[in-house]
Amino acid sequence: MRKIFLSLVAVAALAGCTFGQSKMCTLTDMDSEVSVIWRPADFEDTGGAMIRVCVDGSCEERASGDPSDPIGSVSVRLPQDIGAKKLPVELTVTPVKGGTPVKDTEQAQLTEEHPNGKGCEPVAYIASFRADPVKGLVSTEGFSLQGK
């Protein structure tokens, strides 16, 4: 009888942990940001490049990376509660071997993301682009890690 009683107490305690909660939220974190990604191999002909991204007055810079790496990226963090608005994004790609830097500006439409599901924190606002060594900022749609 004692084992049955202890089993019932354990079940009641576990049920009490979720009683009154309408949903379970995971603990995935996410920052509001604008990200720019690229294939380092795309910049191999220029000996690599420095990729500088500026969003709403804040800038981040990174080298394009080793051509054998599958992907490179740089992100500019934004205030977490910035909202789903448009912001100007400036890209400067400066080739290592000299040559003319590629400069481009686009409008980023931030989209609301809920990494743990609707009704769970955090809420983040994000946008992403791809850095092209010739065209500048382009859509990430259709981005592939397979060669040029």
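Biologist: Is C120 buried or exposed, and how do I read that?

Modeller: Happy to help! Relative accessible area is the value to look at, and under 20% means buried. In this predicted model, C120 has 3% relative accessibility, so C120 counts as buried.

Biologist: Which residue does C120 join in a disulfide?

Modeller: The general idea is to look for a pair of cysteine sulfur atoms within 2.5 Å. Here C120 is joined to C25, with 1.9 Å from S to S. C25 counts as partly exposed, at 39% relative accessibility.

Biologist: What is the handedness of the link between C25 and C120?

Modeller: For that, turn to the angle about the S-S bond. It is -75° for C25 and C120, and their link is left-handed.

Biologist: Which parts does this pair tie together?

Modeller: C25 sits in the loop between α1 (2-18) and β1 (33-38), while C120 sits in the loop between β7 (111-113) and β8 (124-132), so the disulfide ties together parts 95 residues apart in sequence.

Biologist: How many disulfides are there by this rule?

Modeller: The count is 2 disulfides. Besides the link of C25 and C120, C54 and C59 form a disulfide, with 2.0 Å between their sulfur atoms. The torsion about the S-S bond of C54 and C59 is about 110°, so this disulfide is right-handed.

Biologist: Are C54 and C59 buried or partly exposed?

Modeller: C54 is buried, at 11% relative accessible area, whereas C59 is partly exposed, at 30%.

Biologist: What is the pairing when the bonded cysteines are numbered in sequence order?

Modeller: With that numbering along the chain, the pairing reads 1-4, 2-3.

Notes. Residues numbered from 1 in each chain as written. Predicted model: local features only at pLDDT ≥ 70, side-chain atom pairs only at ≥ 80, totals over all residues. Heavy atoms only, no water. Helix = DSSP H or I, 4+ residues; strand = E, 2+ residues; numbered from the N terminus. Buried < 20%, exposed > 50% of the residue type's maximum accessible area, 1.4 Å probe, protein only.
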